2 protein chains.
Amino acid sequence: MRMASKSTSNDLAARKPNLREAILCAAEELFATNGFNAVSVRDIAQAAGANPGSVTYHFKTKDGLLLEIYNRHCGPMNRRRCELLAAARRVRDLQDRLEAIVRAYVLPAFSSGSDLAGGGARFTRLRAVMSAEGNEVARRIIAQTFDDTSHAFIDAIHESLPHIPRAEIVWRSHFLLGALYYTLVTPERVARLSRGSADGADAGNAIEQLARASVASFQAPPLDPSAPSRRRSMTQNKT
Amino acid sequence: MRMASKSTSNDLAARKPNLREAILCAAEELFATNGFNAVSVRDIAQAAGANPGSVTYHFKTKDGLLLEIYNRHCGPMNRRRCELLAAARRVRDLQDRLEAIVRAYVLPAFSSGSDLAGGGARFTRLRAVMSAEGNEVARRIIAQTFDDTSHAFIDAIHESLPHIPRAEIVWRSHFLLGALYYTLVTPERVARLSRGSADGADAGNAIEQLARASVASFQAPPLDPSAPSRRRSMTQNKT
DNA sequence: TCCTCATTTGTACAAATGTACAAAACTTTA
DNA sequence: TAAAGTTTTGTACATTTGTACAAATGAGGA
């Protein structure tokens, strides 16, 4: 099969700036801002200054291109997260540790730890968009690649907040990821609603704000202090 | 122009269950789960048990269909939110008031206040997906329709937490909306990560969890207790 | 130099897309 | 019932889509 040629050229591709790289980068950008289906192979080729045929040559299919983008980023980002998580776990003070854990989760999502310059935020935005679109390729990889790490983070947070049921920590970490995604997807909304006094695209500030808010949300008293199963409360929704 | 016939039949359409209604409903469902571009007019027609031509007849274009979905929901949801907000503002205790405001924001997003059964969550999910896809039609309507309400909520929250700079409240309400969106987009992730002990699709529980977490996040001490402009801190991101 | 291989190009094609429109079917009004 | 209206259908059409493939181009080793 022709994959042989692909894998041998893989190392070379990392070294010299190919069309292959340009295509990957352009596709990442376009997918992240417009979604998977709104972007055609021709759009990508044009943005990369390449021929449509080259896309097929390097990645076989459009799905293959998306897959390659994921493979390119998932490893480094997960590794970075795990490193930071390991360091955070060694923090003695429980409050400080919680904050360190949250930062370990958030930071790699904004700035990639690998050589890919500034790709972290772009890739995270891509993930946000793919998850919103319910993209099947993305769903499979994400569940395989990130669930272990997510569990590790949830467990670490649980250790620093033992009195809160694990299920509630899951909820809150889910909210954290949603907030993170949404900030990367529509940063201009923050600027608009704050009437210009905050810049949603300022990654540094976004991280600080998100960390502060998330730590507080994790520390909130549990809804259900004892049982692990859910209990209804004063909800008056009429669904 | 032929819009005259449309507006006269509008009232009738609301009364008897037309193809028009079926198409709207099917489109909403499909757009909300697959995104705008992944769904073809033919898909919608088939799901509604209608002919592709009927879609063109009633809504002229695919964009027109999306527009109609928004027009259908925005009014009622905003009205409901404002009612609940007005009630929340009358709560004396500041802590209770904050919680009431947050619920006033969240509740209508899960269950529509109008006659459209259970459409609230569906429509909110649709908005989440459209915002992720960067859909232009949606972006315009959303900014026009929801920004006033968003400002009203932000101001109300600010009143109940006067020591926190408004910009930080904007950040945190942004996070709230992101968390809300993400919960509606991928509820199964909550079930998976909690190993079945929480159900992300349970709207009642989601509301409780989200309210609890958000209230705590709003109450967090501000990053910058004095100046309204942002200050950098220990961020080590390398963008 | 020529040969070999990887890459890039240009073009082709079937399938799917949004939309248009005439004819048919159904409703309402007189 | 007949006429006038609205709604639904069926089909057609120009574009755009993802992908395939032969030819052209380039680079490296003998």
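Visitor: Hi! How many residues does helix 9 of chain B have, and what does it reach from end to end?

Guide: Hello! This is a predicted model, and in it helix 9 of chain B (residues 166–185) has 20 residues. From its first C-alpha to its last it reaches 28 Å, close to the 28 Å expected at 1.5 Å a residue.

Visitor: How many of the residues of that helix are buried?

Guide: 20 of the 20 residues of helix 9 of chain B are buried, so the helix is largely enclosed by the rest of the structure.

Visitor: Let's pick a residue, B:Tyr181. Where does it lie, and is it buried or exposed?

Guide: B:Tyr181 lies in helix 9 of chain B. It is buried, with a relative accessible area of 6%.

Visitor: And what is B:Tyr181 in contact with, leaving aside neighbours within four places in sequence?

Guide: In its own chain, B:Tyr181 is in contact with B:Thr124, B:Arg127, B:Ala128 and B:Ser131. From chain A, A:Tyr182 is in contact with it too.

Visitor: Nice, so on to the two chains. How many residues of each are in contact with the other?

Guide: 75 residues of chain A are in contact with 73 residues of chain B. The area buried between the two chains is about 6,800 Å², and carbon and sulfur atoms give 59% of that. A:Trp171, A:His174 and A:Leu193 supply 11% of the area that chain A buries against chain B, more than any other three residues.

Visitor: What about salt bridges between chain A and chain B, how many are there?

Guide: The count is 4 salt bridges. One pairs B:Arg192 with A:Asp147, where the closest N and O atoms are 2.7 Å apart. There are also 14 residue pairs in polar contact across the interface of chain A and chain B.

Visitor: Which element gives the largest share of the side of chain A that touches chain B?

Guide: That is helix 9 of chain A, with 15 residues. Other elements giving two or more residues to that side include helix 2 (19–34), helix 8 (136–160) and helix 11 (203–219) of chain A.

Visitor: Changing topic: which residues touch the most other members of the largest nonpolar core?

Guide: A:Phe31, B:Phe31 and B:Tyr70 do, out of the 143 residues in that core.

Visitor: What is B:Phe31 in contact with, again leaving aside neighbours within four places?

Guide: Among its contacts are B:Phe36, B:Val39, B:Ile44, B:Leu65, B:Leu66 and B:Ile69. B:Phe31 is also in contact with B:Lys62, B:Leu126, B:Val129 and B:Met130.

Visitor: You mentioned B:Ile44. What separates its C-alpha from that of B:Tyr181?

Guide: Those two C-alpha atoms are separated by 23 Å, and the residues are 137 residues apart along the chain.

Key. Residues numbered from 1 in each chain as written. Chains lettered and ligands numbered in written order. Predicted model: local features only at pLDDT ≥ 70, side-chain atom pairs only at ≥ 80, totals over all residues. Heavy atoms only, no water. Core = buried A, V, L, I, M, F, W, Y, C linked by side-chain atoms within 4.5 Å. Buried < 20%, exposed > 50% of the residue type's maximum accessible area, 1.4 Å probe, protein only. Contact = heavy atoms within 4.5 Å. Helix = DSSP H or I, 4+ residues; strand = E, 2+ residues; numbered from the N terminus. Expected span 1.5 Å × (residues − 1). Buried area = accessible area lost by both parts, 1.4 Å probe. Salt bridge = Lys/Arg side-chain N within 4 Å of Asp/Glu carboxyl O. Polar contact = N/O pair within 3.5 Å; in protein donor to acceptor, adjacent residues only side chain to side chain.
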